[in-house]
Structure formats: structure tokens, C-alpha cells
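Let's take a friendly tour of a protein model. Have the sequence and the 3D view open as you read.

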Amino acid sequence: MQRRFAPDRIAILGGGPGGYEAAMVAADAGAEVTIIEEKGLGGSAVLTDVVPSKTLIATADAMRRVNVSPAFGVRFGEHSNGTEDAAVEDAEEAEAWADFSKVNERLLKLAHSQSRDIRSTLESYGVRVIIGRGRLVPPHTIEVTSGEHSGEKIVADAVIVATGAHPRELTSAKPDGVRIFNWTQAYNLIEAPEHMIVVGSGVTGAEFASAYRRLGAEVTLVSSRDQVLPGEDSDAATVLENSFERVGVHVASRTRAESVERTENGVEVRLTNGEVLHGSHCLMAVGGIPNTAGIGLEEAGVEISDSGHIQVDTVSRTTANNIYAAGDCTGVMPLASVAAMQGRVAVAHMQGESVKPLKLHQVASNVFTSPEIATVGVTQEQVDSGKYQADVIKLDLATNARAKMMNIREGFVKIFSRKGSGTVIGAVVVAPRASELIFPLALAVTHKLHVDDVATTFTVYPSLTGSISEAARRLHLHVTDPED
């Protein structure tokens with residue numbers, strides 16, 4: 001059992017969400033905080049992953065809305081004579097195109113601006129920021145091993161390791177940043193790819209496939225599983241697959257990329273089923289590897305799994321006394337929100353405050369495809385396997401008045417309530433901006449609200465949230481009163 005104490009000095013290795021959130025909380029509590037980060041504050045989440053990729057997706061969504069605007073009666077160019085032929089011609093003229101040099105210039109500018117804002121905020125809290133690499137020196141010292149402060153040793157009472165992860169690479173498919181990319185290099189493009197082959201149908205692969213297709217590229221998605229997004233709700237994955245089919249994303253399922261090679265004008269992707277794909281570019285989205293090698297973890301007594309992830313408990317403690325860890329390097333859940341929570345929990349625990357351990361079933365997550373897929377709590381798979389006894393209602397958005405106004409033709413709200421008690425224990429939302437719509441259901445899961453609490457809360461009419469309330473009202477009919 002580790003002794004809890006209120007450290008005066010905290011050193012943080014890594015400036016991603018886990019690191020910088022912990023730094024702010026610790027400094028606000030009066031601790032002397034030093035954070036060592038090699039690439040810039042915000043880490044890969046801000047500089048090469050979440051912020052730039054979601055900005056790219058936002059651009060794709062803007063193009064989608066422009067391209068479907070004729071369905072709303074919007075016309076472009078000279079005023080038409082109102083004939084059907086003219087309407088069709090105007091619809092064709094509405095086709096937008098992406099200036100990739102401007103798109104990537106904007107997203108990288110935004111990412112670096114966000115990084116500067118984080119650094120400015122940390123320094124306003126009194127946090128000392130060191131740009132460089134670092135290495136643990138037992139028991140609680142971080143030695144700076146590169147950069148202007150190379151050789152300096154930061155002595156602390158407690159350490160938080162938040163070093164993140166980097167893209168996994170295959171020896172037979174080495175990214176070159178020109179034709180073959182990993183997810184940190186995708187922003188090197190100066191023009192829209194003619195045909196992007198995306199290898200990997202997890203969250204990252206599905207998001208990029210969706211975005212590039214909306215941005216005008218031909219897209220082929222290589223999936224090793226029967227369904228795209230194998231870890232997500234099967235009903236949601238089906239909606240996305242149907243959307244992919246409708247917009248022209250080709251899915252090569254139940255196969256893997258054996259090798260990827262550059263050709264004179266593009267790439268050649270050989271699949272394990274014998275098929276050979278030819279495209280202009282290839283994006284490898286085959287997972288990440290934790291940045292835990294060569295930073296002194298083993299010497300400090302920090303246990304690492306076979307995959308290289310740092311072993312932590314629900315309050316972010318490692319196996320070494322007064323050394324904590326947060327973020328993708330722990331393998332708990334590769335989300336910026338989870339990393340930030342791990343960092344905050346670590347600081348609260350080391351300072352002796354009352355701590356609520358991290359509960360992964362309360363984590364709301366989102367896949368930023370078109371449509372978006374948001375989930376929280378218990379899953380359909382867990383219900384089907386018998387792990388949870390639940391009543392389930394799935395309500396399509398097709399009957400929602402606001403959805404009709406917005407020309408939304410696909411999507412649904414699904415709510416799980418505990419059988420017998422009626423407590424909301426899980427939910428899935430598939431819709432534009434599902435990332436925003438999941439919040440009331442995340443509140444319900446976190447605070448153990450009854451379906452009637454959701455059903456009797458006023459919603460705006462018309463709104464997509466009306467379907468959340470309606471689903472809860474329908475679910476009420478399935479709830480059995482425990483006293484009956």
C-alpha cells in the first residue's frame with residue numbers, strides 16, 4: 001500500500017492531456033510543478049492527432065453540407081427559371097472541392113495555436129515548462145536528456161508519467177510521408193488524394209476514410225473484420241457501413257494488408273487474400289505503441305505489460321512508490337478525456353483528497369465519422385452475452401421532425417436500462433453531432449438516473465434531443481416496478 005501525502009514538488013514527464021491537466025490541478029493546489037515535453041504542449045493529441053484530425057473532419061463536414069444544400073432548395077450561380085432541369089444543373093454546380101494546401105495550413109495553424117495557449121495557461125499557473133526529452137532517475141527525479149536544459153535533474157516528491165503513444169508501423173509498409181502515411185503524417189498532402197487506401201477499420205481508419213471521401217477522394221478501406229469498427233455497437237457499425245456504401249467508400253473486408261509499396265505514380269497494397277489494390281496514397285491506421293521505452297521505467301520499479309503499457313490502478317498509481325501515470329502510455333483507454341481524468345485523479349490521490357476511482361463504464365466516447373457514433377456505459381454485446389440484464393429501446397431518427405428538417409436520413413438513439421430498476425446504464429447515439437447529443441445520457445449513466453428522469457425532462461421542440469426523451473418514454477413501458 002502506497003502512503004498518501006501532499007507533495008510540494010511534482011515533476012511530469014509528457015505534456016499531453018494527462019500531463020497538462022495534472023499540472024494545472026497540482027499548481028492550482030499550491031504545488032511546485034515542472035513539466036518536461038519534447039514536441040510541444042498538448043502532445044500528439046493537440047499537435048498530430050485529435051485536434052488536426054478533427055479539424056480535417058470538420059472541413060469534410062462543411063463540404064458535405066455544401067454539397068447536399070440543393071436538397072434544401074439552395075441554388076448557386078445565376079437565378080434559375082425554376083424548372084426541374086435547372087434545379088439539377090444547379091445541384092451539379094454545387095459540388096465543392098478541397099484546397100488541401102489551405103486545409104492543412106489551417107489545421108496545423110490551429111493545432112500550434114492550441115499548443116501555445118496551453119503553454120501560456122500553464123505558465124500563468126506558475127508551472128515551469130521544459131522543452132526536451134526526459135528520463136526517470138530513481139526514486140523521483142527526472143533528468144532532461146535533450147534540448148536547452150539537457151543534463152538538468154528535476155528532483156520531485158512525486159512523478160507523473162504521461163508520455164503518450166506513437167503510430168504502429170509494419171516492416172512491410174513503412175510510411176514515407178509522401179505516398180504512404182501514418183496518422184501523424186497525413187497533413188503533408190498539398191492536394192486531394194485521387195485514391196486513398198486506408199489500412200485499418202478501427203476508429204482512426206474509419207474517421208479518415210469518412211473524411212477523405214467527403215473531401216472528394218476515392219477511398220478503399222481495408223478491414224480485417226466482418227464489420228467496420230469492430231469494437232463499436234453493431235447497429236451503429238451497420239449504419240456507418242451503409243453510409244460508406246452510399247457515398248462510395250469501398251470496404252475490403254476480412255483481409256489484411258500484407259505489404260504496401262510505392263509505385264511510379266502511387267502505391268500498391270497487397271492483401272492477404274491475394275488481391276492487389278492500386279491507389280495514389282495509403283494511410284496506415286493500425287494502432288499505436290506506448291512511448292515507454294528508454295525512459296527509465298524499469299529502473300524506477302514501474303511495471304510494464306508485454307505490450308509496453310504502464311500498469312496502473314484506478315487512481316493512476318504505478319507499482320513504484322509515488323510514481324503515477326496517465327494517458328495512452330497506460331493503455332487504459334486511448335481517449336484524451338480519459339488521459340485528462342487520469343491526470344487529475346493522480347494529483348487528487350497524491351494530495352490526500354477524496355478520490356473517485358476512474359470508472360470506464362462512465363466514459364462517453366465518439367467516432368467522428370459521418371454520421372458520428374457516440375457511446376456510453378453498457379454495450380449491446382454485454383447485454384447479449386448475459387453480463388447485464390437490461391431493457392433496450394432503439395429509436396430511429398427518421399420520424400424526428402428536426403431530423404427531417406436537417407435532411408437526416410439515418411441514425412438512431414438506443415438506451416439501455418437495468419431490468420427491474422429502470423436505471424439508465426448505457427446508450428448509443430448515431431447522428432450528426434452525436435458527440436454533443438450523448439452528454440445527457442452520459443449524465444444519466446454517471447448519476448444513475450431512472451429512465452423516467454430522462455423522459456420527464458423538457459426538451460426543445462423540434463430538436464434531436466426529443467428522440468432521447470421519446471426513447472426513454474418508450475423504455476418506461478418495459479420497466480417493471482420492483483414492488484410489483
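UniProt positions follow the numbering used here, and its annotations may be inferred rather than shown by experiment. Keep that in mind throughout, and remember too that this is a predicted model.

**Domains**

The domain assignment splits the protein chain into domain 1 (9–46 + 105–166 + 289–358), domain 2 (180–286) and domain 3 (371–475). Between the C-alpha centres of domain 1 and domain 2 there are 33 Å. An unreviewed UniProt entry lists residues 364–471 as "domain: Pyridine nucleotide-disulphide oxidoreductase dimerisation". Across residues 364–471, the chain is 31% helix and 29% strand, and the C-alpha atoms at the two ends are 19 Å apart.

**Annotated binding-site residues**

Which residues does the UniProt annotation "binding site" cover? In this unreviewed entry, they are Lys54, Gly134 and Asp328. These residues are spread over 275 residues of sequence, and they are spread in space as well, with up to 29.3 Å between C-alpha atoms. Of the three, Lys54 is included in the lining of the second largest pocket. Two of them can be compared here:

| Residue | Element | Relative accessible area | State |
|---|---|---|---|
| Lys54 | helix 3 | 23% | partly exposed |
| Gly134 | strand 4 (residues 134–137) | 8% | buried |

The cut-off explains the last column: a residue counts as buried when its relative accessible area is under 20%. Gly134, at 8%, is therefore buried. Leaving aside neighbours within four places in sequence, Lys54 is in contact with Glu207 and Phe368. On the same basis, Gly134 is in contact with Leu13, Ile36, Ile142, Glu143, Val144, Thr145 and Ile295.

**The second largest pocket**

This pocket holds about 920 Å³ of space. It is lined by 35 residues, and those closest to its centre are Arg64, Val68, Arg214, Arg246 and Ser370. Which helix gives the largest share of the lining? Helix 3 does, with 9 residues. Helix 3 (50–67), helix 6 (203–214), helix 7 (234–247) and helix 11 (434–437) each supply at least two lining residues.

**Helix 8**

Finally, look at helix 8 (residues 336–350). At 1.5 Å a residue, its 15 residues should span 21 Å, and its end C-alpha atoms are indeed 21 Å apart, so the two values agree. Is helix 8 mostly covered or mostly uncovered? Mostly covered: 11 of its 15 residues are buried, including Val338, Gln342 and His349. The buried residues pack against strand 1 (9–13), helix 1 (17–28), strand 7 (158–161) and strand 18 (323–325). After helix 8 comes Gly352, with a positive phi near 80°.

Definitions and conventions. Residues are numbered from 1 along each chain as its sequence is written. This is a predicted model: local features need pLDDT of at least 70, side-chain atom pairs count only at pLDDT 80 or more; totals for chains, interfaces and linings use all residues. Side-chain values use heavy atoms; hydrogens and water are left out. Helices (H or I, at least four residues) and strands (E, at least two) are DSSP runs, numbered from the N terminus. Domain bounds come from an automatic or database domain assignment. The expected span of a helix is 1.5 Å times one less than its number of residues. Buried means under 20% relative accessible area, exposed over 50%, partly exposed in between (1.4 Å probe, protein chains only). Contact means heavy atoms within 4.5 Å. On a 1 Å grid over the protein atoms alone, a cavity is a set of points where a 1.4 Å probe fits but cannot get out, and a pocket is an open set with protein on both sides within 12 Å along at least five of seven lines; lining residues have an atom within 4 Å of a point. Grid points are joined across faces, edges and corners, and a volume is the space filled by probe spheres set on the points.
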